[in-house]
Amino acid sequence: VPGWAAQRAWWSFILVVGFLGAALVARRIAGLSAGAACVTGVAYALSARVLTLLSELSVETWPGMLLPWLVLAVWWGWRSGRHIRLLASTGVLVACLGGVNATASLVAVLGAGLFALVVTREWRLVGAYVIGAALGSVIATVGGTLYSNSLRLNAEKLAALRQQGVAFPNDFQPRDHAAEDDAHLGERRGGGDPVAVGAHHPALA
């Protein structure tokens, strides 16, 4: 799969997850109509912060896209009375937050926790949420540690290859250089018509 295609697929996945989560919160919890819920989902997924960070550091938008799903997990656990299910779903969602941006992940976890505390006011449910979040954090930490170790090992392997010579040898030979253009054009100062760069170089003409 080309890199650009994988990148666009990841961006689309982030937006779809955020849209669906926000739309379900608006529909199930807030009681909005289907149309209003869709508008809410679009507004949430295409918020200014998301559009600003998506192309630069998309992983930082990911915890915010999972926040509605954490709220939904609390809501469904409260309505069904299945605290074990809430514990498990919270653990999985918190583990999926990752550990790239601890602040963004903490905001998502605390946001759903505040919802559980204020709306449900059920201490057993809040306890199940806290335990699930703690387990998910442990899983995310272990996964992040393993990933960091793999990056360190790859960096050590690359350093060893570079000590032996060129790490990624190839037969590329540069043919055109900017210095050749400078030699043909020279420095043009003052008035006169501008000269197009590369006009006197056959490879750039």
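**Packing around the helices of a predicted model**

Setting aside neighbours within four places in sequence, Thr61 is in contact (heavy atoms within 4.5 Å) with Ile14, Val50, Leu53 and Leu54. The structure is a predicted model, in which local features need pLDDT of at least 70 and side-chain atom pairs count only at pLDDT 80 or more, while totals for chains, interfaces and linings use all residues. Residues are numbered from 1 along each chain as its sequence is written, and side-chain values use heavy atoms, with hydrogens and water left out.

Thr61 sits in the loop between α3 and α4; helices (H or I, at least four residues) are DSSP runs numbered from the N terminus. Thr61 counts as buried because its relative accessibility is 5%, where buried means under 20% relative accessible area, exposed over 50% and partly exposed in between (1.4 Å probe, protein chains only). One of its partners, Val50, belongs to helix α3 and is also buried, with a relative accessible area of 5%. Beyond its neighbours within four places in sequence, Val50 is in contact with Leu15, Tyr44, Ala45, Thr61 and Met65. Val50 and Met65 are 15 residues apart in sequence, with their C-alpha atoms 9.2 Å apart in space.

Next comes the nonpolar core, a set of buried Ala, Val, Leu, Ile, Met, Phe, Trp, Tyr and Cys residues joined through side-chain atoms within 4.5 Å. The largest such core has 27 residues, of which Leu70, Val74, Leu86 and Tyr129 touch the most other members. Two or more residues are given to this core by each of α1 (3-29), α3 (48-54), α4, α5, α6 and α7, and the largest share, eight residues, comes from α4. Apart from neighbours within four places in sequence, Val74 is in contact with Leu86, Ala112, Phe115, Ala116, Thr120, Leu125 and Tyr129.

Helix α7 covers residues 123-164, and its 42 residues should span 62 Å at 1.5 Å a residue (1.5 Å times one less than the number of residues); the end C-alpha atoms are 62 Å apart, which agrees. Buried residues of α7 are Leu125, Val126, Ala128, Tyr129, Gly132, Ala133, Gly136 and Ala140. The buried residues of this helix pack against α4 (62-80), α5 (83-97) and α6 (102-120). After α7 comes Gly165, with a positive phi near 140°.

On the surface, Leu114, Leu117, Val118, Val119 and Trp123 make a nonpolar patch of about 520 Å². Helix α6 gives the most to this patch, with four residues. Leu114 lies in α6 and is exposed, with a relative accessible area of 51%.

How values were computed
Patch = residues over 30% accessible without salt bridge, like charges linked within 9 Å, V, L, I, M, F, W, Y side chains within 5 Å. Areas by Shrake-Rupley, 256 points an atom, 1.4 Å probe, with all protein chains shown as cover. Salt bridge = Lys/Arg side-chain N within 4 Å of Asp/Glu carboxyl O.
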